[in-house]
Structures are given as structure tokens and as C-alpha cells.
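Trainee: I should like to work through this structure with you, one question at a time. May we begin?

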Amino acid sequence: MTADVGRRTLLTGFGAGMTGYSLLAVSATSVSLLTLAGCDTTNGIAVAALDQVALDQVLTGELTLEAASAKVAGATARAGAAAHRAHADALIAAGASSSATASAAPSAARDAVPSTAAELAAAQRAQAARAARLALGATPRIARLLSSIGASNASLAALAVANR
Amino acid sequence: MSASISLQLALAGEHAAIYGYGVVGPRLKTSQANQARSARNSHRAARDQLERRILAGGGQPVVADSSYVVDVDGASQQKLRAILTSIEDRLCELYATVVLEPDDDARRLGIDQMQATAVRATQWRGSALTFPGLQEPPPQS
């Protein structure tokens with residue numbers, strides 16, 4: 001059966017089920033304008049100091065997780081390694097310092113390096129919490145990127161638990 | 001975009017999600033129907049949280065429509081899960097807009113709900129998105 005049709009349109013992307021276009025189109029435009037007007041770029045313009053700290057810390061975590069994922073067996077861990085690599089690339093593109101790359105190894109040595117799927121999932125949950133905490137103090141564009149990376153880490157951890 | 005608009009859009013999304021779960025959930029097999037019921041309760045809690053925040057800011061929370069389009073005609077279990085995945089993915093995008101707000105409480109709500117919706121989408125999809133909530137992937141170095 002098809003449930004009856006709503007009067008108002010609210011959400012797009014529900015193509016498989018729920019429809020609606022107008023409000024979301026407004027939303028997407030507003031987001032783009034806000035992003036352009038309210039945030040700096042990394043093309044030669046200094047990233048705010050808080051952003052720099054946040055980007056570097058999350059990058060260090062992503063590099064550690066990428067290395068750890070590569071050592072854990074299973075398709076989920078392999079997919080996780082690719083995701084952590086993509087996160088790292090996006091963070092560097094957003095202005096994360098390459099010095100974070102160098103600090104990843106000492107960090108990995110200092111922290112317990114995950115070697116099992118369960119440990120990896122725990123480390124991904126910790127990374128999700130870290131990204132969320134740092135996003136709170138970041139400028140909007142960086143906050144959104146960190147939030148997305150945090151959400152991805154939470155998802156990867158949930159997936160690892162589900163596939164155990 | 002004012003705080004109230006992004007919060008109102010998220011609230012409108014939660015209204016639609018609650019309706020969508022109500023239509024799809026009972027059509028799922030038992031274990032997943034239970035999972036859908038739990039998710040629907042989470043969306044109700046998020047709706048209530050958004051309403052409180054909008055009211056606290058002096059706004060008038062947007063009300064739910066009487067109905068929404070949910071095409072479940074002859075849908076397979078896989079299609080039903082895809083509908084729920086889509087609902088969570090779109091909500092995650094709406095909460096990513098809330099994260100842009102300067103207000104700490106609104107931003108915290110957006111961040112928390114991005115994680116919650118992304119995890120639920122992953123459970124329905126069976127795989128994780130690399131950049132949930134972002135309509136376009138960020139530039140790579």
C-alpha cells in the first residue's frame with residue numbers, strides 16, 4: 001500500500017520512500033551561502049588557532065586508526081582503513097598540519113594500539129568522542145567536517161560490533 | 001540562516017522520520033521491527049528535545065503534517081531498510097546544518113544527533129559512510 005500524501009514538502013532524498021523538495025532546497029542553498037560567507041579557506045589564509053589544534057589532534061587519531069585497521073583482519077577493518085585514510089586526506093586539505101603526521105607514531109606508541117576488532121571499535125568510539133568535543137570549539141566549516149568524521153567513526157565502531 | 005530555521009528543519013525531519021518509521025517498522029521482520037521501534041523512540045526523544053530548544057529560544061515549533069508519502073507498496077525487506085537508511089541519511093544532513101550554529105547547545109545537539117543518525121543509517125545499510133551528513137565529500141589533499 002501507499003500511505004496517503006502529505007500536504008507539505010519537507011525532506012528530499014527520501015526517494016526510496018518519502019518525498020519533498022522545496023524546504024530542503026532552501027536549506028541547501030543557505031548552507032552553501034553560510035559556508036562561503038562565514039568561514040575562512042585554507043588557501044593561504046590562516047586557520048584559526050583552535051581549528052588548527054582540533055584538526056591536528058583528529059588527524060593524529062585518524063592516522064593511528066588507519067595503521068591499526070590495516071593490521072586487523074576482516075573486510076570491516078579494511079573498509080575502515082580506507083575511511084580513515086579519506087578522513088586524514090580531508091583534514092590535511094582543511095589545513096591540518098603535516099607535523100601531526102610525525103606525531104602519530106609517538107601517539108600510537110603511547111596509547112594502546114588496537115590489535116583486535118573489539119579494540120579497534122573502542123578506539124573508533126574514542127575518536128568519535130574526540131572529534132565531537134573538538135568540533136564544539138571550532139569554526140563552523142571545521143566543526144561540520146569534524147562532526148562528520150566523528151559520526152563516521154561512531155558508525156565504523158557500530159559496524160564492527162554488529163559484524164562480530 | 002538563523003538558529004531557529006536550522007532547528008525547525010531538523011524538527012520537521014524528525015516529524016517525518018517518526019511517521020516513516022511508523023509505516024515501515026511494522027512491515028519488517030521481528031528482530032528488525034524491534035530495532036525500528038527503538039529507533040522511532042529515539043526520534044521521538046530528539047523531536048521533544050528540538051521542540052524544547054525552539055520554545056526556549058522564543059520560537060514556535062513546526063508541527064507535523066497529518067501524513068507523508070511513504071511508498072511501501074510491495075516493498076521487499078531490502079527496500080524497507082533502504083527507506084529507513086534514506087530517512088537517517090537525510091536527517092544527518094539536516095543536523096550537519098545545526099552544527100553550523102554559533103550557539104553551543106544547538107551545536108552540541110547537532111553533533112550528537114549526527115552520530116546517532118549515522119549509526120542508525122549504518123545499521124540499516126550494513127556499511128558506513130565516510131562523510132555522513134555532508135552532501136558533497138570534502139576536498140582531498
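Trainee: Is Asn153(A) buried or exposed?
Mentor: This is a predicted model, and the answer rests on computed accessibility. Asn153(A) sits in helix H6 of chain A. Its relative accessibility is 0%, and residues under 20% count as buried; Asn153(A) is therefore buried.

Trainee: Which side chain is joined to that of Asn153(A) by a polar contact of 2.8 Å?
Mentor: Asn153(A) touches several residues beyond four places in sequence, among them Leu65(A), His84(A), His87(A), Gln124(A) and Glu62(A). The polar contact of 2.8 Å between side chains links Asn153(A) to Glu62(A).

Trainee: How do H3(A) and H6(A) run with respect to each other, roughly parallel or roughly antiparallel?
Mentor: The residues of H3(A) that meet H6(A) include Gly80(A), His84(A), His87(A) and Leu91(A), and their partners in H6(A) include Leu145(A), Ile149(A) and Asn153(A). The axes of H3(A) and H6(A) are 11 Å apart, and the packing angle is about 175°. Because angles over 145 degrees count as roughly antiparallel, H3(A) and H6(A) are roughly antiparallel.

Trainee: What span should the 19 residues of H3(A) have at 1.5 Å a residue?
Mentor: The expected span is 1.5 Å times one less than the number of residues. The end C-alpha atoms of H3(A) are 27 Å apart, which agrees with the expected value of 27 Å.

Trainee: Which helices of chain A are included in what covers the buried residues of H3(A)?
Mentor: The buried residues of H3(A) include Ala77(A), Gly80(A), His84(A), His87(A), Asp89(A) and Leu91(A). Leu91(A), for its part, is in contact with Leu55(A), Val58(A), Leu145(A) and Ile149(A), among others. The cover over the buried residues of H3(A) includes H2, H5 and H6 of chain A.

Trainee: Which helix gives the most to the largest nonpolar core?
Mentor: The largest nonpolar core has 60 residues, and those with the most contacts inside it include Leu91(A), Leu145(A), Val24(B) and Leu84(B). Helices of chain A and chain B each supply at least two residues of this core, among them H2, H3, H5 and H6 of chain A and H1, H2, H3 and H4 of chain B. With 10 residues, the helix that gives the most to this core is H3(B).

Trainee: How many residues of H3(B) are buried?
Mentor: H3(B) reaches 32 Å from its first C-alpha to its last, close to the 32 Å expected at 1.5 Å a residue. This helix is mostly covered. Of the 22 residues in H3(B), the number buried is 16.

Trainee: Is Tyr21(B) buried or exposed?
Mentor: Tyr21(B) is placed in helix H1 of chain B, which covers residues 3-24. Tyr21(B) touches residues including Pro26(B), Ala36(B), His43(B), Leu84(B) and Arg120(B), not counting those up to four places away in sequence. At 2% relative accessibility, Tyr21(B) counts as buried.

Trainee: Which side chain makes a polar contact of 2.5 Å with the side chain of Tyr21(B)?
Mentor: The side chain of Tyr21(B) makes a polar contact of 2.9 Å with the side chain of Trp124(B). The polar contact of 2.5 Å joins the side chain of Tyr21(B) to that of Glu88(B).

Trainee: Is Gln8(B) buried or exposed?
Mentor: Gln8(B) is also found in helix H1 of chain B. Beyond four places in sequence, Gln8(B) touches Ile54(B), Gln60(B), Pro61(B) and Val62(B). Its relative accessibility is 18%, and the cut-off is under 20%, so Gln8(B) counts as buried.

Trainee: What separates the C-alpha atoms of Thr116(A) and Val72(A), in Å?
Mentor: Thr116(A) lies in the loop between helix H4 (99-110) and H5 of chain A, and Thr116(A) is partly exposed, with a relative accessible area of 35%. A polar atom of the Thr116(A) side chain lies 3.1 Å from the backbone nitrogen of Glu119(A). Although Thr116(A) and Val72(A) are 44 residues apart along the chain, their C-alpha atoms are separated by 5.9 Å.

Technical notes
Residues numbered from 1 in each chain as written. Chains lettered and ligands numbered in written order. Predicted model: local features only at pLDDT ≥ 70, side-chain atom pairs only at ≥ 80, totals over all residues. Heavy atoms only, no water. Helix = DSSP H or I, 4+ residues; strand = E, 2+ residues; numbered from the N terminus. Buried < 20%, exposed > 50% of the residue type's maximum accessible area, 1.4 Å probe, protein only. Contact = heavy atoms within 4.5 Å. Polar contact = N/O pair within 3.5 Å; in protein donor to acceptor, adjacent residues only side chain to side chain. Core = buried A, V, L, I, M, F, W, Y, C linked by side-chain atoms within 4.5 Å. Axes fitted to C-alpha atoms, helices over the stretch in contact; angles between N-to-C directions. Parallel < 35°, antiparallel > 145°, perpendicular 65-115°, else oblique.
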